[in-house]
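Hi,

Here's the structure I said I'd pass along. Have a look first, and my notes follow underneath.

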Amino acid sequence: PVTFKINHPDYILFGDEVGNNTSMKNDGHQGGQKYIGSAKKGSVKRIGATNDCHFTTIGFTSASGKAVMCIIIFEGKDVP
């Protein structure tokens with residue numbers, strides 16, 4: 001077997017890409033009622049997003065196990 005000694009594990013980065021959508025309209029919930037929002041005065045206000053806005057999240061971790069950075073990329077034509 002070949003063994004390696006990594007002198008500076010903080011210099012090695014691993015990235016993991018995950019894509020998603022902010023729309024909660026077709027979230028795959030099966031049965032029952034699901035509410036997104038906050039309960040104020042005894043009722044739940046439905047404030048879940050229904051517009052499509054795709055985004056990609058990339059998390060970077062060093063070989064030593066420390067979280068380094070998170071990149072979030074939003075899809076869109078207009079950026080405020």
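Among contacts in the chain between residues at least 6 apart in sequence, what percentage join residues at least 24 apart? The figure comes out at 55%. Keep in mind that this is a predicted model.

On the overall build: there are five strands and zero helices, so reading from the N terminus you just get β-β-β-β-β. The chain has 80 residues, and buried ones make up 5% of them. It exposes about 7,200 Å², with carbon and sulfur atoms supplying 55% of that area.

The part I spent some time on is the hairpin made by E4 and E5, which has four residues between the two strands. E4 covers residues 54–62 and E5 covers 67–74; they pair in the antiparallel sense, over seven bridges. One of the partnerships is Phe55 with Phe74, the latter sitting in E5. In the turn, Gly65 has a positive phi of about 100°.

That turn also has a visitor from elsewhere in the sequence. Asp10 belongs to the segment before strand E1 (13–21), yet its C-alpha is 8.4 Å from that of Gly65, with their positions 55 residues apart in sequence. Setting aside neighbours within four places in sequence, Asp10 is in contact with Ser62, Ser64 and Lys66. With Ser64 there is a side-chain to side-chain polar contact of 2.5 Å. As for accessibility, Asp10 counts as partly exposed because its relative value is 41%, which falls between the 20% and 50% cut-offs.

Cheers

Conventions:
Residues numbered from 1 in each chain as written. Predicted model: local features only at pLDDT ≥ 70, side-chain atom pairs only at ≥ 80, totals over all residues. Heavy atoms only, no water. Pairing = 2+ DSSP bridges. Buried < 20%, exposed > 50% of the residue type's maximum accessible area, 1.4 Å probe, protein only. Contact = heavy atoms within 4.5 Å. Polar contact = N/O pair within 3.5 Å; in protein donor to acceptor, adjacent residues only side chain to side chain. Areas by Shrake-Rupley, 256 points an atom, 1.4 Å probe, with all protein chains shown as cover.
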